[in-house]
Amino acid sequence: MHTTGESGARRQAEGEAASLGDGDHATLAATETFVAHRNLLFTVAYEMLGSAADADDVLQETWLRWVGVDAAHVDSPRAYLVRITTRQALNRLRSVKRRREAYVGSWLPEPLLTTPDVAADVELAESVSMGLMVVLETLTPTERAVFVLREAFGLDYAEIAAAVEKSSAAVHQIAHRARRHVEARRPRRAVTAREAQATVEAFRRALETRDLQGLLDVLAPEVVAISDGGGIKQATPRPVIGADKVARFMVGGLTKHDIALTVEPTAINGSPALALHIDGELDGVIAVRVEDTRITGLYFVRNPHKLTHIDTETPLTLR
């Protein structure tokens with residue numbers, strides 16, 4: 001995996017360990033252990049926060065605490081690191097939730113370029129999909145942590161209890177409540193990777209040629225489009241609902257000006273997606289949710305602060 005965290009937590013960890021010299025074997029060993037689990041820790045933090053930048057910060061905080069731990073008293077470094085990461089992510093989640101309340105327009109997770117192996121892992125791809133990440137925003141911080149650790153990573157209740165500082169019985173109840181909440185809102189009609197790819201390709205062709213009927217052919221009647229401009233780029237203040245409105249919103253936004261539009265296929269958060277370039281510059285990415293070979297969800301991220309690494313970063317391997 002290559003993220004901003006590679007220039008943060010990993011480089012900091014490796015650099016500081018190297019500066020200590022070969023004599024400090026404990027620090028070197030701690031760094032090696034941290035790096036070995038860094039992909040997992042990043043994914044835990046990202047699924048809890050929906051922001052790669054915030055996840056990177058959590059990883060740096062996790063490493064700083066980890067190198068101060070006496071490893072001789074740690075039975076499972078992986079579990080211990082997940083516990084530190086979860087607690088740091090919870091602290092940050094509580095603060096960013098207040099910040100997001102003042103966000104201009106709709107808020108969407110920061111999109112991640114992902115490798116083909118992420119898409120091949122159906123459970124992992126679902127756990128980081130934009131659709132599910134949006135649903136997770138409706139959970140409380142503790143519910144979100146418990147859901148992520150239980151459903152995405154399969155931790156037992158005792159491990160989760162230690163991470164969120166609750167009793168196992170309380171965690172069991174929280175997990176049940178969070179699962180019920182998510183299940184009521186998550187997509188139910190799965191498609192194969194090939195079907196999803198074909199639908200997104202049809203959508204790409206219609207979008208690039210501004211073909212209104214072509215868009216209507218691939219959009220489900222109940223499709224919902226959410227756009228995030230962060231108050232910097234134009235976006236709808238509320239979700240757009242319905243095939244006709246969504247098609248006209250997409251085409252209308254691209255025909256207001258004489259622009260050179262290119263739409264390139266990519267993979268965002270483990271699913272087929274599109275990258276839009278206007279006059280050669282990245283303008284946004286559209287993550288797509290496909291059910292029954294029709295598009296039921298569009299997540300259009302235009303906020304430039306969330307696109308900083310889309311053009312420059314290597315796709316991520318999340319575990």
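Trainee: How many nonpolar residues does the lining of the largest pocket have?
Mentor: Keep in mind that this is a predicted model. The largest pocket has 32 lining residues, and they split into three classes. Six are charged and nine are polar, which leaves the nonpolar class at 17.

Trainee: Which element gives the most to the lining of the largest pocket?
Mentor: Several elements supply at least two residues each, among them helix H6 (116-120), H12 and strand E3 (261-268). Strand E4 (271-278) and strand E5 (281-291) are on that list too. With five residues, the top contributor is E5.

Trainee: And what volume does the largest pocket have?
Mentor: Picture the spot first: Ala-125, Glu-126, Val-191, Ser-271 and Val-290 are the lining residues closest to the pocket's centre. The space there comes to about 770 Å³.

Trainee: Back to H12, then. How far does H12 reach from its first C-alpha to its last?
Mentor: H12 covers residues 193-208, so 16 residues in total. Take one less than that number, times 1.5 Å, for the expected span. The model comes out close to the expected value, at 22 Å.

Trainee: Which residue takes a positive phi just after H12?
Mentor: Inside H12, Ala-196, Thr-199, Val-200 and Phe-203 are among the buried residues. Step just past the end of the helix and you hit a phi of about 55°. That residue is Arg-210.

Trainee: Now the rings. Is the pair of Phe-42 and Tyr-46 stacked or edge-to-face?
Mentor: There are two aromatic pairs by the rule used here. In this one the centres are 6.2 Å apart, with 5° between the planes. Both residues lie in helix H3 (residues 38-49), four residues apart. Planes under 30 degrees apart get one label, so Phe-42 and Tyr-46 are stacked.

Trainee: Is Tyr-46 buried or exposed?
Mentor: Its partner Phe-42 has a relative accessible area of 0% and is buried. Tyr-46 has 1% relative accessibility, and the cut-off is under 20%. So Tyr-46 counts as buried.

Trainee: What about Trp-66 and Tyr-80: why is that pair tilted?
Mentor: The ring centres are 5.9 Å apart. Stacked needs planes under 30 degrees apart and edge-to-face needs over 60. The planes of Trp-66 and Tyr-80 fall between those cut-offs, so the pair is tilted, at 50°.

Trainee: How many residues apart in sequence are the parts that the pair ties together?
Mentor: Trp-66 lies in helix H4 (residues 52-66), and Tyr-80 in helix H5 (residues 77-101). Trp-66 is buried at 2%, whereas Tyr-80 is partly exposed at 25%. The separation in sequence is 14 residues.

How values were computed
Residues are numbered from 1 along each chain as its sequence is written. This is a predicted model: local features need pLDDT of at least 70, side-chain atom pairs count only at pLDDT 80 or more; totals for chains, interfaces and linings use all residues. Side-chain values use heavy atoms; hydrogens and water are left out. Buried means under 20% relative accessible area, exposed over 50%, partly exposed in between (1.4 Å probe, protein chains only). Rings of Phe, Tyr and Trp (its six-membered ring) pair if their centres lie within 6.5 Å; planes under 30 degrees apart count as stacked, over 60 as edge-to-face and the rest as tilted. On a 1 Å grid over the protein atoms alone, a cavity is a set of points where a 1.4 Å probe fits but cannot get out, and a pocket is an open set with protein on both sides within 12 Å along at least five of seven lines; lining residues have an atom within 4 Å of a point. Grid points are joined across faces, edges and corners, and a volume is the space filled by probe spheres set on the points. Ala, Val, Leu, Ile, Met, Phe, Trp, Tyr, Cys and Pro count as nonpolar, Asp, Glu, Lys and Arg as charged, and the others, Gly among them, as polar.
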